[in-house]
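Here's a set of exercises to work through with the model open beside you. Try each task on your own before reading its solution.

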Amino acid sequence: MKEKTKILGVSIDKVRLDRLLSQTQIYLNHEAFRMIYFTSMKTILQAEDDEKFKTFLEQCDYVISADRTLEEQVYEDKNSQKERMLLAQCYLERLLVRMNKNRSSLYMIGTDQEELDHLMNNLKQSYSSISCFGSCIEEETKEDAIDFIINDINAAAPDVMLVLMKGILAMEFIEENRTRMNVKLCLCIGEAEDEVLQEIGFETEIPSWIKKLKLESLYYRFFHGIKLRHTLLKRVFQHKMKEQEEQKDREAKDEYNKNI
């Protein structure tokens, strides 16, 4: 039986890397659609207020932490070092190496065509034996365009599909189309931390066009805003975790007093 940790009402798998890789190989040896969700603080806070999203996460084969603050809670590691790779990061790295060795196929679904092209190019450079495909789904994408993408996925029949969409968008796409897709393993990685996404070629360095236009200062201000939002998100998350622990303590005391 899988060991899970409940964080603000959302179950996250407390799994070892070797176990997760072993189970992944089993999934890749069969034709059934399997799903692993890379979750973060943002995922947890969103699911806390959205029962449908929470149910979707419960139905995934694995929900693993892909956020350092969250991983500390799941594995009760309060002294986590910044240099240590996250479980999700190690898993993605090992999986891609294995896929490259086996000449596996990969399909990526994103919402930004330029970013998608960039990631696919980086993946091809690092893992040349993986057959890489991809499609971009924009907000205004119509039903016939979705049908075309599904047909493209089925023509590629990928071993693994990476979903770069976040939260509700990922859920809606998968729930509406999972029975139509010829995919063995779907990894929802859109809400993983940047250090996890680096394994697929995601870069946070200043783009060359920013340098050419001499917009470095503006770029730094923009990313400073991102870091600030992450800090605020972390504070909200930690406050809610503290409230949860206090509630548990009160319930334990009430139960103790009843039994006296």
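Buried residues, meaning those under 20% relative accessible area (exposed is over 50%, partly exposed in between; 1.4 Å probe, protein chains only), make up 45% of the 260 residues in the protein. You're looking at a predicted model, where local features need pLDDT of at least 70, side-chain atom pairs count only at pLDDT 80 or more, and totals for chains, interfaces and linings use all residues. Numbering starts from 1 along each chain as its sequence is written, and side-chain values use heavy atoms, leaving out hydrogens and water.

**Exercise 1. Get the overall inventory.**
Work out how many helices and strands the protein has.

*Solution.* Start with the rule: helices (H or I, at least four residues) and strands (E, at least two) are DSSP runs, numbered from the N terminus. Counting that way gives 11 helices and 8 strands. Next, look at contacts, which means heavy atoms within 4.5 Å. Among contacts between residues at least 6 apart in sequence, 76% join residues at least 24 apart.

**Exercise 2. Lay out the sheet.**
Find the order of the strands in the open sheet, and say which are the edge strands.

*Solution.* Two strands pair if DSSP finds at least two bridges between them. Step one: 6 strands line up as β4-β3-β8-β7-β5-β6, with parallel pairing. Step two: β4 (62–65) and β6 (131–136) each pair on one side only, which makes them the edge strands. Step three: from one strand to the next, the twist averages 20°.

Now zoom in on β3. With β8 (residues 185–188) it pairs in the parallel sense over 4 bridges, and M35 has C186 as its bridge partner in β8. β3 and β4 also pair in the parallel sense over 4 bridges; here F38 has I64 of β4 as its bridge partner.

**Exercise 3. Sort the side chains of β4.**
Which residues of β4 point one way, and which the other way?

*Solution.* Here's the background: in a regular strand the side chains alternate between the two faces of the sheet. In β4, Y62 and I64 go one way, while V63 and S65 go the other way. All of these are buried.

**Exercise 4. Place helices on the sheet.**
Which strands does α5 touch, and which does α7 lie across?

*Solution.* Axes are lines fitted to C-alpha atoms, for helices over the stretch in contact, and angles run from 0 to 180 degrees between N-to-C directions. Take α5 to begin with: it packs on the sheet and touches β3, β4, β5, β7 (160–163) and β8. The direction of α5 makes about 145° with that of β8. Then move to α7 (residues 143–156), which lies across β5, β6 and β7 and runs at about 165° to β5.

**Exercise 5. Classify a helix pair.**
How are α2 and α3 oriented to each other?

*Solution.* The axes of α2 (residues 41–48) and α3 (residues 51–58) come within 6 Å and cross at roughly 125°. Check that against the cut-offs: under 35 degrees is roughly parallel, over 145 roughly antiparallel, 65 to 115 roughly perpendicular, and the rest oblique. The two helices are therefore oblique to each other. The touching residues are T43, Q46, A47 and E48 from α2, plus E51, F53, K54 and L57 from α3. Sort them with Ala, Val, Leu, Ile, Met, Phe, Trp, Tyr, Cys and Pro as nonpolar, Asp, Glu, Lys and Arg as charged, and the others, Gly among them, as polar. You should end up with 3 nonpolar, 2 polar and 3 charged residues.

**Exercise 6. Pick apart the aromatic pairs.**
Which kind of pair do Y37 and F56 make, and which do F38 and Y91 make?

*Solution.* Rings of Phe, Tyr and Trp (its six-membered ring) pair if their centres lie within 6.5 Å; planes under 30 degrees apart are stacked, over 60 edge-to-face and the rest tilted. The structure holds 5 such pairs. For Y37 and F56, the centres are 6.2 Å apart and the planes sit at 85°, so this pair is edge-to-face. Y37 belongs to β3 (residues 34–39) and F56 to α3, 19 residues apart. Y37 counts as buried, at 1% relative accessibility, and so does F56, at 1%.

For F38 and Y91, the centres are 6.2 Å apart and the planes at 55°, so this pair is tilted. It links F38 in β3 with Y91 in α5, 53 residues apart. F38 is buried at 0% relative accessibility, and Y91 is buried at 0%. One more thing to spot: Y37, F53 and F56 form one aromatic cluster.

**Exercise 7. Check two positive phi values.**
Is L8 buried or exposed, and is R103 buried or exposed?

*Solution.* L8, in the loop between β1 (4–7) and β2 (10–13), has phi near 50°. At 8% relative accessibility, L8 is buried. R103 has a phi of about 55° and sits in the loop between α5 (87–101) and β5 (105–110). At 63% relative accessibility, R103 is exposed.
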